[in-house]
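Have the viewer ready with selection by chain and by residue range. The stops below go from surface to fold to confidence.

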Amino acid sequence: MADAPASTSKVAEVTYQPVESGELGAAPPRNFLRQVIYDTFNITGARLGMVWIVLLACLGVAAPFVASSHPILMKADGAWSSPMWRHLTPVDLILAAVAITVLTMWLVRRATFAETCVVVVIVVAVVAPASYMFKRTPQTPSYQVYRDMERSSRVQFVMRTLIPYSPTDRLRDIPNARLSPPTWYAPVKNLLHRIVPAWFDPPEPSLVEKINSLPAWSLLGTETDGADLLSRMIHATRIALSIGLISTSISIVVGILIGGMMGYFVGKVDLFGMRLIEIFQAIPTLLVLITVMAAWGRNIYLMMVVIGLLSWTGTARFIRAEFLRLREQDFVHAAVACGLPRWMVIYRHILPNGLTPVLVTATFGVAAAILTESTLSFLGLGLIDEPSWGQMLNQARAGGQGFVWWMAIFPGAAIFLTVYSYALIGDAIRDAIDPKLRKRD
Amino acid sequence: MLTYIFRRLLLLPPTLIGMTAIVFFVLATAPGGIGASLLSRTGEMRPAERKAREDYLNRRYGLNKPKYVQYFRWLNKVSPIGFATYADNDSKVAEAAAAEAQQRAPIEAQMEQLRRERAALDISREQVKIDELSIRIATLDAQRKTIDLSPDPGDLVFTKPRLKWPDLGDSFVRGRPVNALVAESLPVTIMLEVLALPLSYALAIWLGIQQAKRRGSTLDFSVSGVTLALWSIPTIWVGVLLIGFLANEEYLRLFPTTGLNSLNEAAMAFLPSWADGTFRPGWLLDRVYHLILPTICLTYANFAFLSRLARGALLDNLQADFVRTARAKGLSERIVLYRHAFRNSLIPLITVLVNILPALVAGAVIVENIFGINGMGKLAVDAAFQRDFELLLSITLVTAILQLTGYLLADICYVIADPRVSYG
């Protein structure tokens, strides 16, 4: 550089050219949150976990379109009709609208997260009142009517959903439908019996009879009431995911409020807050939930709120530690010296920098909430009308007398895969934000 | 160290009060409150039964009293330090009851007259007048109930503090005092947890050490992946699969299905014997045989969680300066690991007990439910189904106190393991 002072050091002779970001393989500028997300999904485990969760979210949104006894399109007695459309509830329509909006915004228009949120809110504000006012759903659907019409040859054309069973369709018009094994059980067992007769017996005639009496292919079998297992599992994803998300949101909000206050206003507030944390840590969550379900009744919103209000202590501790660390930093002193109001200092300066450990606790919190709900349903204290994986797992015990393998393996695997996916993502986030980890392994 | 323990003990009462308040108010603010068991849905209680229950609940909690008074009465009954209560046949109580009856008499006379008027009306034609009279009767009834002179039976005598045995109430569904029910089931649950917790710690520390020794190898990575999956497997699934495939008659019949002992446990000797050439497992081995599956269900998740922590902590410590000094001194790797790095690595494992104990409690509830073991968890679920709220409240309280005791023990272990810590 021509105007540099004369120096005897060799270092001064080296010149540097400014590099545009993106050239020569330099990383594009990202804020911290984006960097964390990028690093997280570079890890294979997090990618696999995200694949499963996105699959569950799609199934949850598309549940009435994928698994329903009502055909999509039907021509009976010369008249066209769409029973599936007729039986859609407003919630189904709202979820479908939100899903279509999100897909369009992200994939087609490449919008940012904030823009997508705004558009989703607008869409919900328009679709929700319209669907609640104008969409009428028949209260007591009759599932047998389509099969009866087919039997009496009154149907000229029918297009069914992928899984032609509804979760509450108990197949009452079919005498042997309860507790039938999957339709592929008999042929597979026959094949195995022919290959290795010493190890495998042929399938029992009673089970084969049950399989043969089913109206259509049943991939996972039926449960004790006669409803199809796969259809119930698909509809149960809604319950599982919504309980996980809403409970964790509540616990994070409460944890941030209390932890933030403790970390910022140290002193008496901190002491009081620590006692509050200890009190809530001492409360046995499952037993209080059992008490609430027994005394107040089985309400899904109550369950979400109680799970959220009993699990905020972990978040509060982390936020408190982050606030204690950050409040001595220079940028906070600068913000206070500029005369910013206190709420702005807390929420727009300290909090965004302290949120990273909360990402990990939030992810594991969702997994824990899903497990808690499954446990409650398994014990028989969960929701009554809605299908739930835990409740299906409970039916595998057949009242303590037997064992129904298809009801034990598949719903249990669903719970396991969901919890494992969230655990993988949480672990990956933890690895992405921990700077020590890069040096160690 | 003693000052630390003393300070932790001093902080126990506010935590206890706060926790008991929340547990009580969950029930007290429910529809029906403490007297919810009186509102039987199917109306199956006979009048004498209902009156007995109402008297019991009134004496114990005071059904018409405000909720905080109910809470203090319950706390008084349940804690070992408290006040005496007025008995039913106390002179002051009788005086108050007489004065109450005297003051209520005119209102009750009015109510009786209105009731007679209402009964004389024709229900099909004078519905409006009947409703009007019912409203007036209800208003008078509310007025009558505000004339409540203390002391009532069960009120606290604030001048007579005493030490007493905690009284957890009576369970109406089972017809036994809750103290007896809890005393029967608590040892079973504690036995399960005392078996599971040290086992999971021991296995986790062992696995963490093996992983730390072979850092970066394939074994290390594969075990890390396996432990995360193991932690994610729900206990309900493992229990059902184990019982279905290993204990069922259709598949492998390797393990017994339910209970803590076989049916003929009373006829068994305690220790195994080889008399007459046949091996007779005694009661002890039979109990161990029945406990294998439940212990597996309770241990695997905590073991997976703890082993990841143990590995991380050991790796951190094995890179520290003091370990480098110890190696430089020429100490063998074994001594470096077990005498120097090990104790520091225990610290995060002790602090994480706060997260493990609630999971253990929930696990015990599930395992007792699946394997038919008569412990506190099974008692709680049965109480929930039978709407036995006294029992449910007491079980929640006892479990919470046990959890607090566990945290206190963890704090003491923490102080023993890390002499640097001081509270404040």
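Select chain A and show its surface: about 23000 Å² is exposed, with 65% supplied by carbon and sulfur atoms. Accessible areas here follow the Shrake-Rupley method with a 1.4 Å probe, and for residues only the protein chains shown count as cover. This is a predicted model, in which local features need pLDDT of at least 70 and side-chain atom pairs pLDDT 80 or more, while totals for chains, interfaces and linings use all residues. Residues are numbered from 1 along each chain as its sequence is written, chains are lettered from A and ligands numbered from 1 in the order written, and side-chain values use heavy atoms, without hydrogens and water.

Keep chain A and colour by burial. Of its 441 residues, 46% are buried (under 20% relative accessible area, 1.4 Å probe, protein chains only).

Next, switch to charged side chains. Chain A carries 37 positive (Lys and Arg) and 30 negative (Asp and Glu) ones, with His and the chain ends not counted. The centres of the two sets lie 4 Å apart, each charge being placed at NZ of Lys, CZ of Arg, CG of Asp or CD of Glu.

Now reduce chain A to C-alpha atoms. They fill a box of roughly 100 × 60 × 55 Å along the principal axes.

Finally, select chain B and colour by pLDDT, the predictor's confidence in each residue from 0 to 100. The mean is 86, and 97% of residues reach 70 or more. For the complex, the predictor gives an ipTM of 0.87 and a pTM of 0.88.

Terms used:
Buried < 20%, exposed > 50% of the residue type's maximum accessible area, 1.4 Å probe, protein only.
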